[in-house]
Structures are given as structure tokens and as C-alpha cells.
Amino acid sequence: MNSRNIRNVGAQPAPVEKIAVTAASPYPEVNITMKNPQLLIPLSLDLASAGGELTAIYQYVYQSIMIKESHPLISETLMRIAIVEMHHLNLMGQMMKGLGGSPRAVSNFAGRSTPWNGTMPSYTKDIKRMLQVDLKGEQDTYHRYLLQSHRISDPNISAVIHRIAEDEEVHIAIFEKFIAEL
Ligand SMILES: [Fe+2]
């Protein structure tokens with residue numbers, strides 16, 4: 001072993017910068033002061049509809065597993081985005097509880113209850129299609145959250161949903177970048 005090799009023993013590879021999967025600003029505390037069961041309806045859709053947080057979590061974990069070997073960077077990023085969506089689900093659930101409800105994985109719309117189910121995520125195995133489905137989902141979610149944050153009269157709920165929308169905006173940019181680089 002020459003001196004150069006000795007110097008390299010124990011050398012660490014340069015740290016790889018991870019892609020940021022959240023917006024920079026802190027999340028507002030959930031602090032619901034008025035019980036308003038009407039607001040449980042949009043929140044149940046955010047949590048448990050086909051386009052809700054639970055679907056996003058499952059879809060991203062599934063995709064991350066499927067592309068772990070072929071696209072390790074995208075796989076690792078998808079898993080970290082799934083964890084952010086889990087935090088969103090946690091916030092939605094806390095708000096539902098504060099409003100006097102409970103965070104069941106069942107969405108309510110037009111008087112009908114629809115349990116979340118395993119057919120809601122996309123199970124495509126095509127990487128390009130995966131990212132396109134993810135991008136469309138994030139865009140739809142982002143716009144729904146912006147609309148809700150403007151329409152919902154409770155300022156705390158509006159602030160929390162608006163902050164969640166900021167994360168979805170970050171996810172849109174990530175998926176657009178991945179699609180462009182494929
Ligand atoms: Fe997202």
C-alpha cells in the first residue's frame with residue numbers, strides 16, 4: 001500500500017444533496033376552536049378519496065418499491081414524498097378530530113360514504129406513466145387545496161391547508177423535473 005492509498009483509508013464519499021420534498025416555511029399548529037361538522041366533508045375527501053392523501057401515500061410507496069433498482073434517485077425521493085403526504089394526512093386527521101369528527105379512511109360526498117380502497121392508487125409499472133400520474137395528482141390536489149383555503153371560513157384550517165398546498169407545489173416541480181430528465 002503506497003502513501004496515497006493510506007491517505008484514502010476511511011475517506012468518506014462527498015455527501016449527496018437530497019432533493020427537498022417540503023416547502024421551507026413551518027406548519028401552523030392545528031388549533032380548531034369551533035366544531036363545524038360541515039367542514040368534515042371536504043377534509044374527508046382530502047384524506048380518503050381516490051385523489052386524497054392516503055392514495056398518494058400508497059401509490060408513492062408502491063412506485064418506490066417497483067423502481068428501487070432501475071431508478072434509485074426517483075425511488076428514494078418518492079419514499080420521502082410519501083412521508084410528507086403522511087404528515088399531511090396526520091394534519092387533516094387532527095383537524096377532523098378538532099371539528100368533532102374522526103379521521104376514518106372513508107370519504108363523504110353528496111350524502112354517500114366511500115371507504116378508501118386498494119383500487120384507488122395507480123399501479124402502472126411504466127416509469128414515465130408513473131410520473132405523469134403523480135404530476136396530475138399533485139396538480140389537482142394543489143388546486144383543490146388552494147380553493148379550499150380560500151373558501152373555508154375557519155382561518156386555522158385555511159392556514160394549514162394553504163401550507164400543505166405549498167408542499168404539493170414543491171412536489172409538482174419535482175415530478176416535472178423527473179419527467180423532463182427521463
Ligand atoms: Fe404531494
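Phe109 stands opposite Arg112, a residue of strand β2. This is a predicted model, and the two residues belong to a pair of strands. Strand β1 covers residues 106-109, and strand β2 covers residues 112-115. The two run antiparallel. How many bridges join them? There are 4 bridges. Together β1 and β2 form a hairpin, with 2 residues between the strands. Ala110 sits in that turn. Its phi is positive, at about 50 degrees.

Now turn to helix α3. This helix takes in residues 53-66, which makes 14 residues. What span should the helix have at 1.5 Å a residue? The expected value is 20 Å. The C-alpha atoms at the two ends of α3 are 20 Å apart, so the model agrees with the expectation. Several residues of α3 are buried, among them Leu54, Ala56 and Tyr60. Glu53, Thr55, Gln59, Gln63 and Ser64 are also buried. Which helices do the buried residues of α3 pack against? They pack against α2 (40-48), α4 (72-98) and α5 (127-151).

Helix α5 brings us to one more residue. Glu138 lies in this helix. Is Glu138 buried or exposed? A residue is buried if 20 or more other C-beta atoms lie within 10 Å of its own. Glu138 has 23 C-beta neighbours inside 10 Å, so Glu138 counts as buried. Some contacts reach beyond its neighbours within four places in sequence. Leaving those neighbours aside, Glu138 is in contact with Glu168, His171, Ile172 and Phe175. Take Ile172. Along the chain, Glu138 and Ile172 are 34 residues apart. Their C-alpha atoms are separated by 5.9 Å.

Definitions and conventions
Residues numbered from 1 in each chain as written. Predicted model: local features only at pLDDT ≥ 70, side-chain atom pairs only at ≥ 80, totals over all residues. Expected span 1.5 Å × (residues − 1). Buried ≥ 20, exposed ≤ 12 C-beta atoms within 10 Å, placed from the backbone. Contact = placed C-beta atoms within 7 Å. Pairing = 2+ DSSP bridges.
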